[in-house]
Amino acid sequence: MLSCRRSLLSQTIKRKTKNKPKNKTKVKTHKKVSRTRDFIPENMHLEDNEEEVGFNLKSSAPSRSHGVQPLGNLYFNPGAINSRNIGLGTLQILSDELVLEILGLLEGTQLGVLATVSKSFYVFTSHEPLWRNLVLDNLKGRFFYNRSWKVTYISTFHPSFDVSRSARSSGLRVRDFYSDYLFQSWLCANLEMKPEWLERDNIIRKRGISVDDFLTNFEEPNKPVLLEGCMDNWDALGKWDRDYLVNLCGDAQFAVGPVKMRLDDYFSYADQVKEERPLYLFDPKFAEKIPTLGSEYDVPVYFREDLFSVLGNRRPDYRWIIIGPAGSGSSFHIDPNSTSAWNAVIRGSKKWILFPPDVVPPGVHPSPDGAEVACPVSIIEWFMNFYDATKDWKKRPIECICKAGEVIFVPNGWWHLVINLEESVAITQNYVSRVGYLC
């Protein structure tokens, strides 16, 4: 799985007119700090002004966390003083990122005590990723998600505490608190994908082509293609709904980010979560854990030659079951070991963006050896800040929405990003054929 540390990217809201973990390349944060430019009145929700700013919120989006506003609003309110600075005292000179990094060194009880010092500290110590890290580090996968990471932590470690008090306090609004960093985190967690981010579909689609046609027209020239009909005989396509998977998998533990979870616990989390980077179930040993899963799909005929198979049990991880809620996915990366890949959607749908090996996506900065990649922390941030730039490129990306029953071929060396548009279940596999190797 890819992992990114939090980075702030500016210009999160741009005005418009009324017409409007696989084993991937290591990813690092691309540090860039600047200002959100637009004014959003404190007493209105973003959806009230969505026609003007050009974004829609999810219908389930909560009010802005504790009333945090983008820093640009401060400049439209000359009489206001940023309560962030007042509450932090001498620590106000630190960036929001650094404040949160320091708070990340504390335990839950210490965060709770610090939250009583000032309204500013209350807002910072309520930042959900702090509590997410505490839950994942301390409980691994042995937790039951309960509305938020903070409530999950409290209800687990302090069961006598009335968590409804914490839920009520989550509605506390702090006046004149301005922070691009905290606002951006909330915004990215609650934005709908814009229609113009989804409308471009320029991938070649094929149904029923021969293996020779696939090799000649796509694998040899190293070109993506979306294949239809090659999953029609899979048992998985008709069986793999939630109830079936939960009953089949029982107490088996699957890799979810840095932890392992039971499937029913993961689905409970996915139903409730509203965060910028939802945990993604991405397990390479699913067929060993539940052999029935491995028997209910077949490698499409186009991908059955795999030179890595000669390594037997010593081959690196090469196949994964992937499950995630809407908004989960993988930021830009290139698959490892010069492999190509196929990805078959069994439930749901996925938006794909692919760039050829000689075109680095905007906002992505690989190291000279390609071992590390600096990128935005979340997929939504990339769409907000960089997607429009690709419209005028001479070499535009290949884009598509891959739906249930369809398979996408990702050639080796191609940069690709994928985001689930709804809860999705998929199988993916990396491979090296003789044709692909020679390319």
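The following conversation takes a newcomer through a predicted model, from the whole chain to a few of its strands and cysteines.

Visitor: What makes up the secondary structure of the chain, and how many of its residues are buried?

Guide: The secondary structure comes to 18 helices and 16 strands, and of the 439 residues in the chain, 54% are buried. The chain exposes about 19,900 Å², and carbon and sulfur atoms supply 51% of that area.

Visitor: Why is cysteine 249 called buried?

Guide: A residue counts as buried when its relative accessible area is under 20%; cysteine 249 has a value of 5%, and is therefore called buried. The same reasoning applies to cysteine 402, whose relative accessible area is 0%, so that cysteine 402 is buried as well.

Visitor: How do you know that cysteine 402 is not in a disulfide?

Guide: A disulfide needs two cysteine sulfur atoms within 2.5 Å. The closest cysteine sulfur to that of cysteine 402 belongs to cysteine 400 and is 5.8 Å away, which means that the two are too far apart for a bond. A search of the whole structure likewise finds 0 disulfides.

Visitor: What makes strand β14 mostly covered?

Guide: Strand β14 spans residues 406–410, and 5 of its 5 residues are buried. In a regular strand the side chains alternate between the two faces of the sheet. On one side of β14 are Glu406, Ile408 and Val410, on the other Val407 and Phe409, and all are buried, so both faces are covered.

Visitor: How do you know that β14 pairs with β3 and with β9?

Guide: Pairing requires at least two bridges between the strands. Strand β3, residues 225–228, shares 4 bridges with β14 in the antiparallel sense, and therefore counts as paired with β14; within this pair, valine 225 has phenylalanine 409 as its bridge partner. Strand β9, residues 340–347, is also joined to β14 by 4 bridges and runs antiparallel to it, with alanine 344 opposite valine 407.

Visitor: Why are β8 and β13 called edge strands, and in which sheet do they lie?

Guide: They lie in an open sheet of 4 strands, in the order β8-β15-β10-β13, with antiparallel pairing. Strands β8 (329–333) and β13 (398–403) each pair on one side only, which makes them the edge strands. Neighbouring strands of this sheet are turned by 15 degrees against each other on average, direction ignored. Strand β10, residues 349–355, pairs with β13 over 6 bridges, and the bridge partner of lysine 350 in β13 is cysteine 402.

Visitor: Which helix packs on this sheet?

Guide: Helix α17, residues 379–386, packs on the sheet and touches β8, β10 and β15, and its direction makes about 115 degrees with that of β15.

Conventions. Residues numbered from 1 in each chain as written. Predicted model: local features only at pLDDT ≥ 70, side-chain atom pairs only at ≥ 80, totals over all residues. Heavy atoms only, no water. Helix = DSSP H or I, 4+ residues; strand = E, 2+ residues; numbered from the N terminus. Buried < 20%, exposed > 50% of the residue type's maximum accessible area, 1.4 Å probe, protein only. Areas by Shrake-Rupley, 256 points an atom, 1.4 Å probe, with all protein chains shown as cover. Axes fitted to C-alpha atoms, helices over the stretch in contact; angles between N-to-C directions. Contact = heavy atoms within 4.5 Å.
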